[in-house]
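Please examine the sequence and the structure shown below. The paragraphs that follow lead through selected parts of the chain.

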Amino acid sequence: MTLALSSRRYLLRHPWLTALSILGVALGVAVSVAVDLANGSALRAFELSGEAVTGRATHQVIGGPGGVPGALVARVRVEGGVANVAPVVEGDARVAREPSRVVGVLGVDPFEEAAFRPFVGGPGSGLDAGLFLTVPGAALVSEQTAAELGLAVGDTLGLQIDGRPEVAQIIGLLQPGDDRSASALQNLLVVDVATGQEWFGMAGTGDSGAGTGRGSVPEGGAEPNGADSAEVTSANPSSSPIPYPSPAPAGRLSRIDLLLPDSAAVARVAALLPAGAEVRPASTQAETLATMTEAFRLNLSALSLLALVVGLFLIYNTVTFAVVQRRRVLGTYRALGVTRGEVFRLVLVEALVVGAVGTALGLALGVALGSGLVRLVTQTIGDLYFVVRVRELALSPWALAKGAVLGLGATLVGALRPGWEAASVAPASALRRSTQEDRIGRGAGRLALGGAAALASGGLVLLLPAGVVGAYAGMLGILVGVALLTPWLTRVYAAAAQPLMARLMGPVGRMAARGIATSLSRTAVAVAALTVAVAATIGVATMVSSFRTTVEDWLGSVLQSDVYVQPPATVFRRGGAVLDPALARDLAALPGVERTDAIRIRTLDGLVRSGGNSGGAGDGSSAGRFDLVVSRIDATRAGVNRYKEGSAEAFAAAAPGGAVAVSEPFAFRFGVGVGDTLRLPTDRGPRAYPVAAVYIDYGNDLGVVLMDERPFLAAYDDPGYAGTALTAAPGVDPDDLVASAQALAEGRQDVTVRSTRALRQASLDIFDQTFVVTSVLRLLAVGVAFVGVLSALLALQLERRRELAMLRAQGMTPGELRKMVLAQTGLMGLWAGLLSVPLGLALAAVLVFVVNVRSFGWTLAFVVSPSVLLQAVGLAVAAALLAGAYPAWRMSTTSPAIALREE
């Protein structure tokens with residue numbers, strides 16, 4: 001009880017130190033929890049989005065890039081004996097009045113939906129099938145989304161699809177039965193199959209049988225066909241689904257959903273499918289989406305742990321200070337008979353109390369921070385990979401439990417050594433102030449040897465083919481090594497700084513430098529924490545700078561045309577929208593256009609089989625999503641790329657015959673190279689394409705296959721142009737050509753017309769957006785380190801109260817005292833900044849040459865910006881001086897008599 005009262009009295013007598021300790025733990029835990037929650041919410045968004053569009057389907061029939069023929073529905077039902085077959089059309093659209101908002105569009109047959117998505121066609125759904133099939137653009141939307149968009153039954157919603165205006169007529173509201181279903185239906189429009197086919201260019205020449213005329217309704221108007229008398233669920237809730245199946249839809253479908261009881265049924269369906277179609281488990285799509293972003297989410301998690309590592313330094317620092325501050329009290333307890341075990345438990349319990357409060361606060365802060373971070377994460381995923389409809393924070397008990405374990409575990413680990421030292425020191429030694437410093441001074445050399453060993457181990461781990469996790473393990477070894485080297489290096493630095501400080505500031509400067517070495521047990525830990533945080537800033541900033549410089553250089557190489565025209569896409573970097581064919585022809589015929597390079601894009605989500613002599617994937621198979629980019633390949637078009645393997649000349653010569661070039665990330669993901677053969681899924685069945693070249697590409701980390709349009713059109717249905725690039729004739733101003741293209745597209749299709757300069761800037765803006773999350777986490781890590789330095793300096797000055805009071809009593813003025821304290825903190829900040837430069841560059845090298853390559857396969861230039869290094873050193877000095885301002889003021893205003901009497 002006496003020991004517990006002693007701990008409570010100590011914590012209450014030093015509220016600022018206790019509060020800073022709690023804050024340091026809280027920030028470390030908050031960053032980790034926030035990233036876990038953001039990553040978990042992104043995964044849950046994939047899962048919920050999949051649930052909404054997949055429903056209860058066990059399997060799906062998918063085709064080549066152009067989808068599957070609608071006539072296949074009847075064949076699977078009749079010849080395959082499958083009772084539950086549902087045609088599906090999927091796509092994305094932008095809300096016209098809110099362009100930043102993207103909604104998913106799910107085209108279904110209401111007569112087949114009861115078994116798959118009961119919220120559409122199941123018993124009690126209240127769907128008026130007559131309205132759903134006959135009202136032009138009829139759509140269902142969830143109550144939550146309708147409320148967010150200010151919609152009611154009978155209203156219309158303007159959409160932009162591939163730059164074309166479409167209008168959805170809201171005939172009913174989806175009423176999910178639980179919160180999970182409500183989340184899954186966020187930003188989802190459910191329409192008739194025929195409507196979906198028309199909107200996304202998949203309609204056939206005949207009647208789909210699932211809907212009729214598609215007229216135009218002004219946005220905001222009401223359909224007179226009973227819509228004005230609508231209730232909550234439907235415009236005519238008394239109607240019930242018509243009890244007969246609809247005819248098989250014409251045109252093409254995104255997929256066909258199936259309920260198959262066993263593998264025999266799967267085999268029967270597979271035997272009926274034409275070339276280019278296959279049966280897959282329904283879970284495959286969600287797994288593919290999660291895999292696409294795995295490296296991105298792993299890198300975020302690793303960066304978030306940096307804040308916790310810095311927090312661990314802070315915890316160790318705090319507990320050490322608490323032990324050193326009360327060394328006389330603990331020595332007295334030991335002299336009075338308190339056992340080592342009791343002292344050890346006292347230190348651990350005290351640290352755990354601080355850790356528990358900090359962890360609880362950190363969990364709350366993590367949830368708040370995660371709410372903002374999940375929007376940044378999903379925005380980045382939306383810019384780079386695919387549309388994420390669900391953007392709400394999902395509270396995961398596992399993430400919160402992990403944060404609690406990390407916070408308390410880090411506190412416990414940080415307290416073990418100080419607790420053991422407090423318990424193991426003899427009472428007589430504990431009563432001597434110099435004992436701790438003597439021990440640290442003697443052990444600095446041994447710690448330095450351990451640091452060298454940790455550095456070597458980290459370097460060896462980086463050489464092992466251990467993936468991204470191994471790369472981060474190697475980085476951790478480097479960080480630990482530098483941290484262990486810091487006490488010895490700091491002592492050398494302080495000794496070297498004394499003569500210089502004496503010349504600059506006289507005795508006050510010498511005392512400031514000497515104080516760093518004489519209080520090594522506290523200053524070294526504070527310096528290490530600040531070093532790690534600032535080094536992380538240098539490492540990440542250098543990596544981003546290297547990446548950005550490389551991308552800028554690459555854009556200058558590949559953007560050889562003068563004007564670029566494309567319809568607005570829902571995912572900036574992946575295209576997907578289609579340019580109106582007549583507009584594309586007219587653009588090519590514009591006066592002043594010397595050359596036109598139009599491209600087609602197909603996203604393939606099938607098997608890639610490779611074989612050959614690259615030493616890569618061999619004759620294996622790999623599943624994964626990637627883009628097939630198609631253009632007319634000639635010497636000029638092939639020459640815009642830079643090649644890692646092969647050459648522009650070889651690719652241009654072989655492309656008309658079916659040879660392809662693959663991007664560097666594709667070659668990395670699938671282990672292929674020049675001489676290998678890709679067997680790609682096409683609309684005519686799998687076909688083989690030899691790899692003629694591997695080219696440098698930073699526009700798509702999932703991989704690209706570049707193909708000439710002649711072999712493409714022989715194997716694939718024409719998807720239309722995703723965009724076109726215009727090269728101005730000599731003497732023609734590109735800005736005039738931009739104006740001409742804009743005038744030509746006016747009133748025909750909403751397209752984006754950019755000059756080379758504008759497209760380059762738009763690409764770099766998206767690049768910068770993807771690193772916003774990284775910048776936020778980096779600043780938070782520096783914030784944790786700042787709290788650590790402030791805590792260290794407060795505790796250091798608190799412990800030196802008697803020493804500083806003696807200096808005041810002997811004639812040192814308050815101004816000289818402030819100068820000494822600030823000089824000491826400035827020296828600590830300068831040393832942390834200088835140490836962080838080589839450490840930060842080492843981390844940057846690992847990020848550029850190891851983590852980046854193992855995550856995405858990109859080859860980047862290593863660019864070191866002197867401004868980044870100078871800013872980092874300045875940040876360290878500024879943080880240290882700012883942290884020392886309050887201790888300096890406090891000690892200079894404390895009465896020497898009071899300080900001596902308190903001692």
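Beyond its neighbours within four places in sequence, arginine 600 is in contact with eleven residues named here: Leu628, Val629, Val630, Glu709, Phe712, Leu713, Asp718, Pro719, Gly720, Tyr721 and Ala722. The model is a predicted one. Arginine 600 belongs to strand β13, which comprises residues 593-604. With one of its contacts, glutamate 709, arginine 600 shares a polar contact of 3.1 Å between the two side chains.

Is arginine 600 buried or exposed? Its relative accessible area is 4%, and because buried means under 20%, arginine 600 counts as buried.

Leucine 416 offers a second case, located in helix α14. The relative accessible area of leucine 416 is 38%; this residue is therefore partly exposed, since that term covers the range between under 20% and over 50%. Leucine 416 is also one member of a nonpolar patch on the surface, together with Leu352, Leu408 and Leu412. The accessible area of these four residues together is about 280 Å². Which helix gives the most to the nonpolar patch? It is helix α14, residues 397-424, with three residues.

The chain as a whole may now be considered. It contains 31 helices and 23 strands. Of its 903 residues, 56% are buried. The area that the chain exposes is about 34,800 Å², of which carbon and sulfur atoms supply 61%. Among contacts with a separation of 6 or more, 83% are between residues 24 or more positions apart.

Terms used
Residues numbered from 1 in each chain as written. Predicted model: local features only at pLDDT ≥ 70, side-chain atom pairs only at ≥ 80, totals over all residues. Heavy atoms only, no water. Patch = residues over 30% accessible without salt bridge, like charges linked within 9 Å, V, L, I, M, F, W, Y side chains within 5 Å. Areas by Shrake-Rupley, 256 points an atom, 1.4 Å probe, with all protein chains shown as cover. Salt bridge = Lys/Arg side-chain N within 4 Å of Asp/Glu carboxyl O. Helix = DSSP H or I, 4+ residues; strand = E, 2+ residues; numbered from the N terminus. Buried < 20%, exposed > 50% of the residue type's maximum accessible area, 1.4 Å probe, protein only. Contact = heavy atoms within 4.5 Å. Polar contact = N/O pair within 3.5 Å; in protein donor to acceptor, adjacent residues only side chain to side chain.
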